[in-house]
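Could you look over this structure with me before we talk? I've put my comments into numbered points.

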Amino acid sequence: MLSIGEFSKICGVSTKTLRYYAEIGLMNPDEINPENGYRYYSIKQLKKMLFINRLKSYHFSLDEIKAMLEWEEDQSEEKLVSALLRKQREMSEKRNALDYTIKQLNHDLSKMEQGISMMSYLDNIEVQLVETQPIHIVSLRQMMTSDDYATGYGKYFSKLYERIATEKLTLLGTPMTIYHSPEFNPAGNDTEFALPVAEAVKGTKDLPGGLCAKSVCKGPYSELTAVYARLREWVENEGYELVRSPYEVYVTAPDQASIPEKLVTEVYFPVRKK
């Protein structure tokens, strides 16, 4: 048996953390002396502690780790592999996003060295006035926080694809998202996930056609705020006003682009002349 101090030293985990792990049921000492309350850990628990440390280094939450420990004990290797693969994808996406940010930073520094404003890129965002046609859509409308979007897109679009397959509907295009909230709210935004279909049947709805100011974002979704700002400026300067909620069409779906630069998103502002 190892004292909590010895166990702490070997595993590189503070005694305070070990006590907290016991408090939340993640890892209990093998024995507690009833007379003095001293905690002792067995040699075999070293492997479990190292497993927890490894999962923490992969940025799993303690709740996720607790579930994964149960899978390990039950020898549910399939669930464990699935969780690791999901984390691998998440970390790869974060790495790609960081690589893009560094590239963008280098580009801004290069421009400034040439005496060009780092915000001059806004002038290069093109805006077109287009006439869209009405379409039928199947959709799901949810209140979404900023943190929800990453998982929400996959979750709700998957449900819509399943519905199209079940009801044998004809898919006519790529996924789209309609933003109904009048202002940004960190606590939740009124977001509608939609897929265009050929059939006008029960459960589908019409997305009206009409005049739209349109721009295209080529790159990660973090660039969309610049596109929205440019569109809003254009609408005001050209004497138009918004008539319905803006929406995005994902020409390149997130799962189809290995790097952020390859993402293509169309943004539409339904408008009319003032």
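Here are my notes, point by point.

1. First, how far to trust it. This is a predicted model, and the chain has a mean pLDDT of 89, with 97% of its residues at 70 or more. Confidence is highest in strand S4 (residues 128–132), at 96, and lowest in helix H6 (residues 149–166), at a mean of 85. Keep in mind that where pLDDT is low, the predicted coordinates should not be read in detail.

2. Next, have a look at helix H3. Its 13 residues run from 45 to 57, and the distance from the first C-alpha to the last is 18 Å, close to the 18 Å expected at 1.5 Å a residue. Just after H3 comes His-59, with a positive phi of about 70°.

3. Which residues of H3 are buried? They are Gln-45, Leu-46, Met-49, Ile-52 and Leu-55. An α-helix has 3.6 residues a turn, so residues three or four places apart point the same way. The cover over the buried residues of H3 includes strands S1 (2–3) and S3 (39–41), along with helices H1 (4–11), H2 (15–23), H4 (62–73) and H5 (77–113).

4. Now the cysteines. Why are there zero disulfides in this structure? A disulfide is a covalent bond between the sulfur atoms of two cysteines. For Cys-212, the closest cysteine sulfur is the one in Cys-217, and at 17 Å that is too far for a bond. Both residues are tucked away: Cys-212 counts as buried at 0% relative accessibility, and Cys-217 counts as buried at 2%.

5. Rings are worth your time too, as the structure holds eight aromatic pairs. In one of them, Tyr-156 and Phe-193 have ring centres 5.2 Å apart and planes at 25°, so they are stacked. Tyr-156 sits in helix H6 and Phe-193 in strand S7 (residues 189–197), so this pair ties together parts 37 residues apart in sequence. Tyr-156 is buried at 10% relative accessibility, and Phe-193 is buried at 0%.

6. Compare that with Tyr-228 and Phe-269: their ring centres are 5.5 Å apart and their planes at 65°, so this pair is edge-to-face. Tyr-228 belongs to helix H7 (residues 224–237) and Phe-269 to strand S12 (residues 264–273), so parts 41 residues apart in sequence are tied together. Phe-269 is buried, at 4%.

7. Ring pairs also build a cluster out of Tyr-156, Phe-157, Phe-193, Tyr-221 and Tyr-250.

8. Finally, check two lysines. Lys-87 lies over the face of Phe-60, 4.8 Å from the ring centre. Lys-273 has its charged end over the ring of Tyr-240, 4.3 Å from the centre.

Key:
Residues are numbered from 1 along each chain as its sequence is written. This is a predicted model: local features need pLDDT of at least 70, side-chain atom pairs count only at pLDDT 80 or more; totals for chains, interfaces and linings use all residues. Side-chain values use heavy atoms; hydrogens and water are left out. Helices (H or I, at least four residues) and strands (E, at least two) are DSSP runs, numbered from the N terminus. The expected span of a helix is 1.5 Å times one less than its number of residues. Buried means under 20% relative accessible area, exposed over 50%, partly exposed in between (1.4 Å probe, protein chains only). Contact means heavy atoms within 4.5 Å. A disulfide is a pair of cysteine sulfur atoms within 2.5 Å. pLDDT is the predictor's confidence in each residue, from 0 to 100. Rings of Phe, Tyr and Trp (its six-membered ring) pair if their centres lie within 6.5 Å; planes under 30 degrees apart count as stacked, over 60 as edge-to-face and the rest as tilted. A charge sits over a ring if NZ of Lys or CZ of Arg is within 6 Å of the ring centre and within 35 degrees of the ring normal.
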